[in-house]
Amino acid sequence: MGRKYQELTEARIDAAIDFEARGMLWDKQAPGLRLYLGKRKVTWQFYADTRDHGSKGHTFKVLGHYDRGGFVTVVGGGAAPPAIIKNYTGPRPALQRAPWHMGVVAARAAAQIRRGKMLEGTSSPNAREGIKFEDAFADYCGYLERKAAEKGKPPRWAKNARQLGKQLLLPKWSGWTLIAMSERPDAMADWIETIKSPTSANHCRRLVSALYRRRAKRDLKLNKANVPTAAVELRAEKRVQKGMAAKSFPAWFKAWQAIESKTRRAYHMTNLLTGARPGELARCRWQNIDREAGTLTVGDAKAGNDIPIPLTPAINAALKLAADAEPDHKPGDLIFPGCEQVGHREELPARGNGLRRTFKTIATTHCKVPDDISAFLMGHVPEGMSQKYLLRWALSSGPAIRDAQSKISREMVRLLHKQAAAGRKAA
């Protein structure tokens, strides 16, 4: 259907509203200016067809709203209710417009400004234009995976990002374009407030921000300053668990003995004796134990390397406890099945990364283990040391590494049984 242009005046618009007209009125004077008569709102819009390198498109912008006003008085006395205005034959009543009302003159001026910016190429992009969030999200996850592969690391953050996208981000934002999201920072801030977990909320904020900034480098229509998460504040997460002091070992040992599951007890004790990252330890399998070499290898570690942990009598005892819990285990089975999230829930004075920090404290403070050896046992790669040199250093320092691990295990066992030994001596 063709467009019908007419000379728009406020009197003509008011008459159309009075007769409950619906549809679009196009203005003759200002190209692209139109008035949409809806059921509840009357809106000024700017609409123009565009062509970019042979591709057709359009630009659209809401300029403001037209207020039909309220009837104040009718000449001759009395008020003129809207219901009878159609049949009213006297002088037109006075109207009182709202402060936000945009008249014909103001609408034409706004349309001329918008058209000038469009011709200059300086107009802001249409919120419906550009890449959609779900496409940008998939592209960013692929980028994270490629980045991890280049560094020789497992794509753990990409995996976590995809999970956050599936559970939280995509159900809410899949229908939005990045341009539309950048124009509604309030919507993003309000949505993130609905996420119960502070950690998940902060991760979503970081993901959207990083995704948008990376995309803005490729798409100049995106303003780097208008990040969708600009109004979002980081939420306070749970305090990082500190390491355990030497005097707390007996209490930890008593609480550890109260755990019913042998697998979970074995997991926590191995975590304490090795200082391994809790997640990496929970992913270890029986085939990672080399009895001939006397090592437990934590593979696919955070730094992208394998961590060979020398076995000591105390560590072997903890692994035997896990074996007793699963007597029919196979080489490919997990040593500590079901323990990947246990470290966050167990009722212990210290658990998870707290036990890792405890290992570091005992190693350096009590056992005086050199920093390079304790770092190697915990899977840290010293700054400036290549993997090739690290392997050569580990082979040459093998006896010292084993001695250090044995010394740490003996000190751990001594501290765990310190209170019981003191009680027997007093008796």
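Start by selecting phenylalanine 376: at 11% relative accessibility this residue counts as buried (buried means under 20% relative accessible area, exposed over 50%, partly exposed in between, with a 1.4 Å probe and protein chains only). Before you go on, note that this is a predicted model, where local features need pLDDT of at least 70 and side-chain atom pairs count only at pLDDT 80 or more, while totals for chains, interfaces and linings use all residues. Residues are numbered from 1 along each chain as its sequence is written, and side-chain values use heavy atoms, with hydrogens and water left out.

**Stop 1: around phenylalanine 376**

Colour residues 371-377 and you have helix α13, the home of phenylalanine 376. Helices (H or I, at least four residues) and strands (E, at least two) are DSSP runs, numbered from the N terminus. Now add isoleucine 307: its C-alpha atom is separated by 7.8 Å from that of phenylalanine 376, though the two are 69 residues apart along the chain.

**Stop 2: a three-strand sheet**

Next, show strands β8, β9 and β10. These 3 strands form an open sheet in the order β8-β9-β10, with antiparallel pairing (two strands pair if DSSP finds at least two bridges between them). β8 (289-290) and β10 (307-310) stand at the edges with a single partner strand each, so one side of each has no neighbour in the sheet. Zoom in on β8 and β9 (residues 295-298), which run antiparallel and are joined by 2 bridges. Pick aspartate 290 and look across: its bridge partner in β9 is threonine 295.

**Stop 3: a hairpin**

Move to strand β2 (residues 23-27) and strand β3. They pair in the antiparallel sense over 4 bridges, and methionine 24 stands opposite tyrosine 36 in β3. The two strands form a hairpin with 5 residues between them. Click on glycine 32 in the turn, which has a positive phi of about 90°. Then select residues 33-37, which make up β3: 4 of its 5 residues are buried, so the strand is largely enclosed by the rest of the structure.

**Stop 4: a salt bridge that starts in the hairpin**

Side chains of opposite charge can pair when their charged atoms come close. Here, a salt bridge is a side-chain nitrogen of Lys or Arg within 4 Å of a carboxyl oxygen of Asp or Glu, and the structure holds 11 of them. Show the side chains of aspartate 27 and arginine 108, which meet in a salt bridge of 2.8 Å, N to O. Arginine 108 lies in helix α2 (residues 104-120) and aspartate 27 in strand β2, so the pair ties together parts 81 residues apart in sequence. Are these two residues buried or exposed? Both arginine 108 and aspartate 27 are buried. Add Glu7 to the selection, and you have a network of salt bridges linking Glu7, Asp27 and Arg108.

**Stop 5: two further pairs**

Select arginine 162 and glutamate 145, whose side chains meet in a salt bridge of 3.1 Å, N to O. This pair links distant parts of the chain, with arginine 162 in helix α4 (residues 156-173) and glutamate 145 in helix α3 (residues 133-150), 17 residues apart. Arginine 162 is partly exposed at 36% relative accessibility, and glutamate 145 is partly exposed too, at 33%.

Then try glutamate 280 and arginine 277, where the salt bridge is 3.3 Å, N to O. Glutamate 280 is buried at 5% relative accessibility, and arginine 277 is buried at 14%.

**Stop 6: an arginine without a salt bridge**

Go to arginine 265 in helix α9 (residues 262-274). This arginine is buried yet has no salt bridge. Which side chain of opposite charge is nearest? That is glutamate 260, 9.1 Å away (Lys and Arg count as positive, Asp and Glu as negative; His and the chain ends are not counted).

**Stop 7: the cores**

Finish with the largest nonpolar core, which has 50 residues. A nonpolar core is a set of buried Ala, Val, Leu, Ile, Met, Phe, Trp, Tyr and Cys residues joined through side-chain atoms within 4.5 Å. Those with the most contacts inside it are Trp252, Met269, Leu272, Ile335 and Phe336. Helix α11 (residues 313-325) gives this core its largest share, 7 residues. For a last selection, there is a second, separate core of 31 residues, which includes Phe133, Ala136, Ala201 and Leu222.
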